[in-house]
Amino acid sequence: MENTNKTSDIKQFKGRSLGQETWRRLLKNRGAVVGMIFMILLVIVAILAEFIYNYDTDIVAQNSKAIFASPSAAHIFGTDQFGRDIFARILYGARYSLLIGVGSVAFGLVVGMILGALAGFYGGVIDNLVMRANDILYAIPNIMIAVVIVSLLGTTPFSLLLALSISAASSFARIVRAAVMQIRGQEYIESAYAMGLPTWKVILKHIIPNCLSPIIVQVTLAIGSNIIAASSLSFLGVGVAPPMPEWGAMLSDGRPYIRSAPWLCIFPGLAIMVTVLALNLMGDGLRDALDPKLKK
Amino acid sequence: MSENILEVKDLVVHFETDDGVVKAINGLNFTIGREKTLGLVGETGAGKTTTALSILNLVPDPPGKIKSGSILLDGRDVLQMSDKELEQMRGNDVAMIFQDPMTALNPVMTVGDQIAESIQLHQFVSSKEAFEKAKEMLQMVGIAESRAYDYPHQFSGGMRQRVVIAIALACEPKLLLSDEPTTALDVTIQAQVLELMKDLIRKRHMSMLLITHDLGVVAESCDDVAVMYAGKIVEIGSADEVFNQTRHPYTEGLFNSLPNLRERGEELIPIKGLMPDPMNLPEGCSFAPRCPYATEACEKQPPELRHMGGTHYVACDAYNDPDFCLRRNSHG
Amino acid sequence: MIRYILKRLLYMIPTILLTSLLIFWAMDLTGGDPVQTILPENATVEQQEALRESMGLNDPFFVRYFRYMGGIVTGDMGTSYVTKLDVFGTFMNRLPMTLALGGTALIISVIISIPLGIWTAINQNTWKDTLGMVLALFGVSMPNFWLGLMLMLLFSLQLHWLPSGGSDGIKYLVLPALTVGLGLAALITRTTRSAMLDVIRQDYMTTAKAKGASRHRVLYTHALRNAMIPIVTAVGMQFSLVMTGSALAETVFSWPGIGLLIVQSIAKRDTPMVTGSIILCCILMALINLLVDIIYAYCDPRIKAQYSRKG
């Protein structure tokens, strides 16, 4: 029979792996690129801040000569009630947001993925247990979990991290379980078994790669929402406490002075917003890049 | 009152996408007479669904654009109508039945409401009266009236297609466009639905454009046949003319690729090659690259439809030679 | 349908029991000794012990827990360390304020977001779409307590149009409701847009147009009714965000709802108030989730049928 026609048609298409294709599409999205550049810069700043500023002298010391200085060349974002430079505190504070945001999502991802995969794959008792636990966590708003944990462990970054990890784990478990259950029922899985692939290989080569898209998108967006959650909790006094320059805590600090020195409140909040905006741009870009059908 | 309910003249439809221009329909010409059924045959991608959507002026824009041509429905050009006129025409003068009954119905409305909606859009009746009429339509397509309160997911594929037919016929249109109405159904149900359609069309003195890739369905149900390839009609005539006096090489190829019950064990003869990329159509006759009779002249100049006697037309320049004859026909 | 609701309520009970057990246990660990606050400072150790015995504070954990849970039914969840008032009563008094705030915020957000979401969806990939999406993106990235502070800065402290705190009338509700509502609106806009984009692609949209339905009808009767299903789902999932958002807005604007109550109680280490409020909040959340599920079932007849028949 005639096969030459088909091969010549196929030759037109250059082979590209899924990862390369996704990366290429992602780079076309200007918003996502801006977001990524910003995040990279932020990470660099967070790391370097340790070396540029000395924690004791610049971040927490009290310099009564320059209290409530409004934004100027000397102090780009002004100073607070203790004379501390707000710009310096914001740069330094990036580390709390990044560590807690990324850390809680990373931890939650690992735990959630394992639990979700087990629940989705094996079903039965394991599934029931995981879903019940999830239901309970679902019933308790984020803030309450944090309150309880912080009451137990004190207002340290670690307890905040733990609290946010728990809710991140809960949402990842849910997503992974749903993805696994959906994929498990697909016919190409049945054919993989029919070909004689052992279970672990089926999970590794077929199931997990197909779960990745929703997970990747969720990770980026979850970091953003956890940063907001962390700062919200610190604002309420249930997270990182002053004098640590966490952005939410800074807002809580500056609140009494909002009338006379609004820059205490404006800039830390702006920092949170811009960071989360960058993450959301990345997350949206990833979502479009991973599934272009959705865009058009 | 014109003789033909539908006249499509030189229709050209392009889809302008980011990757290029898809030339879906390239100079389409056909007519449908009153109370006649025309079967539109062709492979997937030939432009059949686009043709039907064009008649309703429902080609999605963007990216679709009707570039030129006219579509005369009972003498009025659809492509020149205003939005209001189109809304009045759709469902009332022309109705369409879609390919996939599983997705053609709105999942959150009862079937009764969906049929009644069609009635209320075109007739001045109360919603109660419309719903009553909807129930009658259900009965006419063979579904119990009480089921008017049920939702689409409670029906099987064949029954959903009957609901779609009920919606289409509710306002007694003059022309019915059926886009592969039975392709998505089980074989046994296919026959039932086709019978139902034929019956209703006859009773209501309607014309129909039946789009299909199934030659058997065409033989069963159609008065006339048009064969479509790469956005053009390559052969058109009465069913008898096209089936028994086939003239176009493509049509010959279609008939040859059907398995023959009597000669089982023989190899199937497919048409070699693939349909051309609509973004990159060849210069001359679109079928030339695959045509066993093609000459150099075929690749330069696209052929016009020529009259072959009766109502039979063919677009093939091989007939420039008066002795030319397809292999199929030369075997008698 | 009624049977479905009852079944869900029944199912809720073990979840609530487990949840409250966890919370009770955790808060119990944090300590706080009511005896210290009840007796005068110079009370002797014997007196303190005696009071503890009589209050049942030395009983085993589970006895105390069940007594506590029993208390919920009778409306007795202990007394605040700080105000000496009844925990249950205090919570119930403040609840309407939070509901008013949440409800108003929800209304504001729906009025803004659904039309905006539809508008961006039907104008996909034009400047209108970009504008709407940029606004929504900013809204979703903004911490809502910061938005509250900025609104306060502008409308209250600079322009003096609205008050910056308190609860003496509708005027006082505006800024807090906007604070919660705008963030929620951004979220719902995005969800509406993607739901509409999905729905517009569906075959039944072509069927509707082929019937001769007008653009308006096609959009609202056919598209939106179907889009409501994923929208309600998404909003329902985010409901705990509304709670958190309310707590933050109440803190910024001193709106006396249960969010502010919890925050203040934590600061004052008022363990019984914190414990009781959180548990009652969880029950409230569970009831709201049930309500969302019922609304969802009404939107999607496939689900409704499932529950009407099975019961």
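Contact, in what follows, means that heavy atoms lie within 4.5 Å of one another. The structure is a predicted model, and with that in mind one can begin inside chain C, at Thr189(C), a residue of helix α8, which spans residues 170-200 of that chain. Leaving aside residues up to four places away in sequence, Thr189(C) touches Ser113(C), Leu116(C), Gly117(C), Met133(C) and Ala136(C). Its relative accessibility is 1%, and because buried means under 20% relative accessible area, Thr189(C) counts as buried.

A second place to look within chain C is a group of aromatic side chains, in which ring pairs link Phe24(C), Tyr65(C), Phe66(C) and Tyr68(C) into a cluster. Over all chains, the count of aromatic pairs comes to twelve. One of them joins Phe24(C) to Tyr68(C), with 5.0 Å from centre to centre and an angle of 40° between the planes, and this pair is classed as tilted. The two partners belong to distant parts of the chain, since Phe24(C) sits in helix α1 whereas Tyr68(C) sits in helix α4 (residues 61-74), 44 residues apart. Both Phe24(C) and Tyr68(C) are buried.

From the interior of chain C the reader can turn to its interface with chain A. To this contact chain C contributes 43 residues and chain A contributes 40 residues. Between them the two chains bury about 3,900 Å², of which 74% is on carbon and sulfur atoms. Within the area that chain C buries against chain A, Ser141(C), Phe145(C) and Trp146(C) supply 15%, which is more than any other three residues.

The polar side of this interface can be described pair by pair. Six residue pairs, both members at pLDDT 80 or more, are found in polar contact across the interface of chain C and chain A. The count of salt bridges between the two chains is one; Asp284(A) forms a salt bridge with Arg190(C), and their closest N and O atoms are 2.9 Å apart.

As for the elements involved, those of chain C that give two or more residues to the side touching chain A are α1 (2-29), α6 (127-141), α7 (144-158), α11 (239-253), α12 (258-267) and α13 (271-299). Of these, α1(C) gives the most, with ten residues. Sorted by class, the side of chain C that touches chain A has 31 nonpolar, ten polar and two charged residues. Helix α1 of chain C thus appears in both parts of this account, as it holds Phe24(C) of the tilted ring pair and also gives ten residues to the side that touches chain A.

How values were computed. Residues numbered from 1 in each chain as written. Chains lettered and ligands numbered in written order. Predicted model: local features only at pLDDT ≥ 70, side-chain atom pairs only at ≥ 80, totals over all residues. Heavy atoms only, no water. Buried area = accessible area lost by both parts, 1.4 Å probe. Salt bridge = Lys/Arg side-chain N within 4 Å of Asp/Glu carboxyl O. Polar contact = N/O pair within 3.5 Å; in protein donor to acceptor, adjacent residues only side chain to side chain. Helix = DSSP H or I, 4+ residues; strand = E, 2+ residues; numbered from the N terminus. Nonpolar A, V, L, I, M, F, W, Y, C, P; charged D, E, K, R; others polar. Buried < 20%, exposed > 50% of the residue type's maximum accessible area, 1.4 Å probe, protein only. Phe/Tyr/Trp six-rings, centres within 6.5 Å; stacked < 30°, edge-to-face > 60°.
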